[in-house]
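User: I would like to learn how to read a ligand site and a metal site. Can we work through one example together?

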Amino acid sequence: RDGKHSWAGHKMQRFVSFIEDIPFLSLCCHTQLTFLLCVAAVAWEAGKPLVLEEVEVAPPQAMEVRLKILYASLCHTDVYFWEAKGQKPIFPRILGHEAAGIVESVGEGVTELAPGDHVLPVFTGECKECAHCLSEESNMCDLLRINTDRGVMLSDGQSRFSIKGKPINHFLGTSTFSEYTVVHSGCVAKINPLAPLDKVCVLSCGFSTGFGATVNVAKPTKGSTVAVFGLGAVGLAAAEGARVSGASRIIGVDVNPKRFEEAKKFGVNEFVNPKDYDRPVQEVIAEMTGGGADRSVECTGNIDAMISAFECVHDGWGVAVLVGVPHKDAVLKTHPVNFLNERTLKGTFFGNYKPRSDLPSVVERYMNKEIELEKFITHEVTFSEINKAFDYMLQGASLRCIIRMDG
Ligand code: NAD
Ligand code: ZN
């Protein structure tokens, strides 16, 4: 790769020496003028293996930062948008949103981050100024909330990635399957520099999403029964949230029975495979629990599982929380009497955590050994093997597969 880097270095040097002839510019616009060439995994077409390409990464503009990504991990949301079966196809695109890295340079106006800071990029941001950011109840920032259809930066509607002048789309404002990426500074949580980035990268999406869905949204009380639909990393993090909340029964529901053994490590103590029954799984759960679970958390993305998760909670007090990313045309159908009978249905992005304000303290909970992340990490690959991470997830073999960007 070094050989290939050199022509870019040459080009850059020419560019920089041109700029240095203008002393004012070289002082004021230093970070605005450095283009970088690096390797990124590009999704050229739906469902086709990612291709490692040399990509030019533009400098961060106002309120943006450029990050050196050290570790990324694969979440099912990346797979949905890569398959583009139930999502809008946007290609070529650099996927990836669960990652950890270091700030390389900052754009104009960025005061809370500096080169060298250890950070987690997050797919949904926090401007700290809008009504949502000011509300204690919401993490749906008006400016920086998740947008799955945008492939460009907010400030100028342009991509910061290009290959020989051809722009490559961003994904979720993060695009972490690249050695370097540019993100809005409001989508970056600055964390304890002592935290091991190869572990805490799973906090940048999967773990925080599932754990927060339970502790911040479902809020089970001590001794309650919680049903978790989908025992991937997000669902098992939801189970972990139920365990630390003192739930006494945690019922794991999954169509892949291979997940059950592993789930025992996460405190899941009863198991249901919907395929084993010829009646709706909500009826099975109602029977097991004498009327329904107190709380349920859906982490599958499957519409039938979403309906079951809602209908399986107890009347009078049951709360169901949807986390899975649905097919773009999905419609949730349930009889209104299920609501009249005093069941509540909620949904959440990123477990209702405000990424900049809350994520550093979740990292501290890991550092204080209150939460364990190692058991979520089942596989590790080098960057050049990134397609293997997709295979593991498609086979249902992995929870989280860490991608080492230096390999
Ligand atoms: P995963 O593929 O590792 O796990 C999903 C699990 O669901 C699998 O074990 C699968 O067998 C199971 N499953 C699928 N259909 C099912 C059904 N009908 N009934 C029961 N189980 C079923 O995925 P993950 O990375 O853990 O992500 C889980 C979901 O959460 C995905 O939909 C993902 O897009 C979504 N997600 C949402 C957010 C958010 O902020 N809301 C963030 C991250 C991920
Ligand atoms: Zn994710």
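User: Where does ligand 1 sit?

Analyst: One caution: this is a predicted model. Ligand 1 sits in the largest pocket.

User: Which residues come nearest to ligand 1?

Analyst: The shell counts residues with a heavy atom within 4 Å of the ligand. Here 30 residues surround ligand 1. His-76, Thr-77, Tyr-80, Asp-254 and Arg-259 come nearest.

User: How many residues of the shell around ligand 1 are nonpolar, polar and charged?

Analyst: The shell around ligand 1 has 16 nonpolar residues, eleven polar ones and three charged ones.

User: Which helices each supply at least two residues of that shell around ligand 1?

Analyst: Two are named: helix H3, residues 76-83, and helix H7, residues 233-244. H3 gives the largest share, three residues.

User: How do I read polar contacts, and which atom of Asp-254 is involved with ligand 1?

Analyst: Look for pairs of N or O atoms within 3.5 Å. For Asp-254, an N or O atom of the side chain lies 2.6 Å from an oxygen atom of ligand 1. Ala-233 uses its backbone instead: an N or O atom there is 3.3 Å from a ligand 1 oxygen. Asn-302 brings a polar side-chain atom to 3.5 Å from a nitrogen atom of ligand 1.

User: How much of the area that ligand 1 exposes when taken alone does the protein bury?

Analyst: Start from the ligand by itself, then add the protein. Ligand 1 alone exposes 870 Å², and the protein buries 90% of that.

User: Now the metal. Which residues coordinate the zinc ion, ligand 2?

Analyst: List the donor atoms, then their distances. The zinc ion (ligand 2) is coordinated by SG of Cys-75, NE2 of His-97 and SG of Cys-205, at 1.9 to 2.3 Å. Water is not among the atoms, so a site may look incomplete.

User: What spacing do the donors of the zinc ion follow along the chain?

Analyst: The pattern is C-x21-H-x107-C. His-97 and Cys-205 are 108 residues apart, and the pair links distant parts of the chain. His-97 is in the loop between H3 and strand S4 (98-106). Cys-205 is in the loop between helix H5 (197-200) and helix H6 (206-218).

User: Backbone next. Which peptide bond is cis?

Analyst: Check omega. The bond from Phe-91 to Pro-92 is cis, with omega near -10°. Pro-92 lies in the loop between H3 and S4.

User: What is phi of Lys-164 near?

Analyst: Phi of Lys-164 is near 45°, a positive value in a residue other than glycine. Lys-164 lies in the loop between strand S6 (161-163) and strand S7 (166-168).

Conventions:
Residues are numbered from 1 along each chain as its sequence is written. Chains are lettered from A and ligands numbered from 1 in the order in which they are written. This is a predicted model: local features need pLDDT of at least 70, side-chain atom pairs count only at pLDDT 80 or more; totals for chains, interfaces and linings use all residues. Side-chain values use heavy atoms; hydrogens and water are left out. A polar contact is a pair of N or O atoms within 3.5 Å; within protein, one must be able to donate a hydrogen and the other to accept it, and residues adjacent in sequence count only if both atoms are side-chain atoms. Accessible areas come from the Shrake-Rupley method with a 1.4 Å probe; for residues, only the protein chains shown count as cover. On a 1 Å grid over the protein atoms alone, a cavity is a set of points where a 1.4 Å probe fits but cannot get out, and a pocket is an open set with protein on both sides within 12 Å along at least five of seven lines; lining residues have an atom within 4 Å of a point. A molecule sits in a cavity or pocket if more than half of its atoms lie within 2 Å of its grid points. Helices (H or I, at least four residues) and strands (E, at least two) are DSSP runs, numbered from the N terminus. Ala, Val, Leu, Ile, Met, Phe, Trp, Tyr, Cys and Pro count as nonpolar, Asp, Glu, Lys and Arg as charged, and the others, Gly among them, as polar. Donors are N, O and S atoms within 2.8 Å of the metal (3.2 Å for Na, K and Ca); water is not among the atoms, so sites may look incomplete.
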